[in-house]
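The following exercises are meant to be worked with the sequence and the coordinates at hand. Each task is followed by a solution that proceeds step by step.

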Amino acid sequence: MTAASPPEVLRAPLVVEFPFTRSLGPVQSAFLTGLREGVVLGVRTSDGRVMVPPAEYDPVTAEEIRELVEVAPTGTVTTWAWNGEPRPQQPLGTPFAWVLVRLDGADTAILHALDAPGPDAVSTGMRVRVRWAAERTGAITDIACFEPCEGRERGSARPHDGVFADPVTGIVAEARLDYTYSPGRAQTAYINALSERRTVGERCPSCHKVYVPPRGACPTCGVATTDRVEVGPAGTVTTFCIVNIKARNLDIEVPYVYAHIALDGAGLALHGRIGGIPYDQVRMGLRVEPVWTDGGRYPDHYRPTGEPDADYDAYKELL
Amino acid sequence: MRTRYAREVAVVAFAQSDHQRRTDELSEVEMVMPVLHQVLAATGLKAGEIGFTCSGSSDYLAGRAFSFTMTLDGVGAWPPISESHVETDGAWALYEAWVKIQTGEADTALVYSYGKSSPGSVRDVLTRQLDPYYLAPLWPDSVALAALQAQALIDAGETDEQALAAIGARSRTAAGSNPHAQLSGPVPQGGYQVRPLRTGDCPPIGDGAAAVVLAAGDTARRLCERPAWITGIDHRIEAHGLGLRDLTDSLSTRTAAEHAGLFDAPVDTAELHAPFSSQEVVLRKALGLGDAVAVNPSGGALAANPMMAAGLIRIGEAAARIHRGESRRAVAHATSGPCLQQNLVAVLEGDPS
Ligand SMILES: [Zn+2]
């Protein structure tokens, strides 16, 4: 490779999905249950203002607030922004306006989407009303969006006991984020070598320790490790444990041995399963070699080489 | 020099990467390490001589848990060091390090932060920092929320689209003298991202890292010819709900500035973390900055906005101007959260010449 050629870096899709289950306090529960029932609730703050959407604590005094009120499903836009290219998962698939809306009877504004034909049809101060979702479950998305409407501000907040049959007590906050993962230069070299059934590490130019797998830096010296070194294939068991619990989706009979293995030439041990020997005969100092399965991208397990055990002094620094 | 705090603490060195749209060939530690070496070399300190290390980054950018541990190899974390991490911009890591030095537990600190936005879609990723009950399920992205703020400013008569475009153009022109900037010189204002914000009003998306060394008292004088003394630092937060706040002002920035002593004397330089042109309008008002102040002579976040590092870079850029003798008293600002929700203000001063 010449200095000018760009390094070949591995890339792969990486998806992170997390369905967090979150519980609701009494005020949020009443608000989201209300949305399911087609009622918008707010809460009165200690200075007498009506907050929609409601919180359980006063934003100014941090006092607990519980006094629920019902406000109108109509309101006034306090600011807006035209979203010409909706992103996946946003409330509307066609161009729409993000709006902050102060509902009639409320003193604060709620964020949502406004369905409008174009930016010329949107302005601060315009009147809008809630468009309810066809199917409602007790979530902010029970408001499908807002839509323009006519008419002056109507009504003030009315007391509401916040009591509904079958209240919503929690939500599942689902999210999915898509990434393209790239492991960088050092780990790319390691993974590429594994595909040829070789193990490469990197040597620290300062302390000369060989890191396997390499991450590009020596944590002791804090310098880049650029000198590539092939290690193994055989190695020595430095320490081990006996696993007695069967992991889900893992087709390995228990008990089995999981070990730290110092490959010959490596400055630290990596870990792997030991096979080809009864679990109770595995010992520190046992000499082992990798066993590859067809299409395997890393050694399936390590088995004894049959060599005499390594002397303790030969691996005690790698424990 | 007078200080209201127990100890005098200064920024004695600053380094940053060349910010780029993508850095696929580099892992996080490979991206951070050259910056760490550079900042340490500027002081002559070795990694093992640093009293406290603190970093800032975000798992959501990396798409994996405990992602900050990936860069610890770059600071020489063996044998064990005194270390901490904040899951936000490195400006807050600097605050933690400053507190550590104030307590007398350290005389020097290494602060670094980094972010790679290129692996994911940063506009979508940032929606995950929003309230999970009322906001996150709607996926309002960072540009959309800033656009709501920009429209509120326009409605209030505090700016217009032309004035916003001029802020972007001025920033990118200033970045012409900043070799680390991702964007510099004339850039087309472009179409609407989310109206009223156009491409030119929004920050570039990119990868980058920054590092700062802090030192106390005589140690700072020994390590740096012209230390940038932190004579005041404070950070404040306000309500998460956008509908509860006056989006045309930043009370938290003003309060932090008061507590940092900004208004005690004039400043000549301001490094503001304003990722959107409209946010510079809000911050200038909150900090009372007049036309005599050089605002974002580095180009600011409109020229390079590596997530989690851009705020620390503002402190570093302000300090570097004092190191070079180009500033006597400067203010640096960092932000996090939607529409300037959290704000940190630091006042930096050079010794009188
Ligand atoms: Zn080393």
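β4(B) gives the most to the lining of the largest cavity, with three residues. The model is a predicted one, and the exercises begin with this cavity.

**Exercise 1. The largest cavity**

Task: Determine which residues line the largest cavity and how they divide by class.

Solution.
Step 1. The lining consists of B:Glu28, B:Ser57, B:Ser58, B:Leu61, B:Ala62, B:Ser67, B:Tyr114, B:Gly115 and B:Lys116.
Step 2. Assign these residues to elements: α2 and β4 (108–116) of chain B each supply at least two of them.
Step 3. Sort the lining by class, which yields three nonpolar, four polar and two charged residues.
Step 4. Place the result in context. The space in this cavity is about 60 Å³, and the structure holds four cavities of 30 Å³ or more.

**Exercise 2. The largest pocket**

Task: State how much space lies in the largest pocket, and identify the elements of chain B that each supply at least two residues of its lining.

Solution.
Step 1. The volume of the largest pocket is about 960 Å³.
Step 2. Its lining comprises 49 residues, and those nearest the centre are B:Val122, B:Leu126, B:Gln129, B:Ser142 and B:Met307.
Step 3. At least two lining residues each come from α2 (59–62), α4 (122–125), α5 (142–155) and β11 (329–336) of chain B.
Step 4. Among the contributors, α5(B) has the largest share, with four residues.
Step 5. By class, 23 residues of the lining are nonpolar, 19 are polar and seven are charged.

**Exercise 3. The interface between the chains**

Task: Describe the interface between chain A and chain B by its contacts, its buried area and its salt bridges.

Solution.
Step 1. Count the residues in contact: 62 of chain A meet 48 of chain B.
Step 2. The two chains bury about 4600 Å² between them, and carbon and sulfur atoms account for 59% of this area.
Step 3. On the side of chain A, the residues that lose the most area to chain B are A:Arg87, A:Tyr179 and A:Arg215, which together make up 14% of what that side buries.
Step 4. Turn to the polar interactions. There are four salt bridges between the chains, and 23 residue pairs are in polar contact, with both residues at pLDDT 80 or more.
Step 5. By class, the side of chain A that touches chain B has 36 nonpolar, 17 polar and nine charged residues.
Step 6. For a specific pair, examine B:Asp24 and A:Arg11, whose side chains form a salt bridge with an N to O distance of 2.8 Å.

**Exercise 4. A salt bridge within chain A**

Task: Explain why the salt bridge between A:Asp115 and A:Arg131 ties together separate parts of the sequence.

Solution.
Step 1. Over all chains the count is 43 salt bridges.
Step 2. In the pair under study, the side chains of A:Asp115 and A:Arg131 meet at 3.0 Å, N to O.
Step 3. A:Asp115 belongs to the loop between β8 (110–114) and β9 (127–132) of chain A, while A:Arg131 belongs to strand β9, so the pair links parts that are 16 residues apart in sequence.

**Exercise 5. Backbone geometry**

Task: Locate two cis peptide bonds and two residues other than glycine with positive phi.

Solution.
Step 1. Recall the general expectation: most peptide bonds are trans, and most residues other than glycine have a negative phi.
Step 2. In chain A, the peptide bond from A:Val52 to A:Pro53 is cis, with omega near 5 degrees. A:Pro53 lies in the loop between β4 (50–51) and β5 (68–71) of chain A.
Step 3. In chain B, B:Trp78 and B:Pro79 are joined by a cis peptide bond with omega about -5 degrees. The loop between α2 and β3 (83–86) of chain B contains B:Pro79.
Step 4. A:His208 has a positive phi, near 70 degrees, and is found in the loop between β14 (199–203) and β15 (210–211) of chain A.
Step 5. B:Trp139 also has a positive phi, about 55 degrees, and lies in the loop between α4 and α5 of chain B.

Technical notes:
Residues are numbered from 1 along each chain as its sequence is written. Chains are lettered from A and ligands numbered from 1 in the order in which they are written. Side-chain values use heavy atoms; hydrogens and water are left out. On a 1 Å grid over the protein atoms alone, a cavity is a set of points where a 1.4 Å probe fits but cannot get out, and a pocket is an open set with protein on both sides within 12 Å along at least five of seven lines; lining residues have an atom within 4 Å of a point. Grid points are joined across faces, edges and corners, and a volume is the space filled by probe spheres set on the points. Ala, Val, Leu, Ile, Met, Phe, Trp, Tyr, Cys and Pro count as nonpolar, Asp, Glu, Lys and Arg as charged, and the others, Gly among them, as polar. Contact means heavy atoms within 4.5 Å. Buried area is the accessible area (1.4 Å probe) that two parts lose on being put together, summed over both. A polar contact is a pair of N or O atoms within 3.5 Å; within protein, one must be able to donate a hydrogen and the other to accept it, and residues adjacent in sequence count only if both atoms are side-chain atoms.
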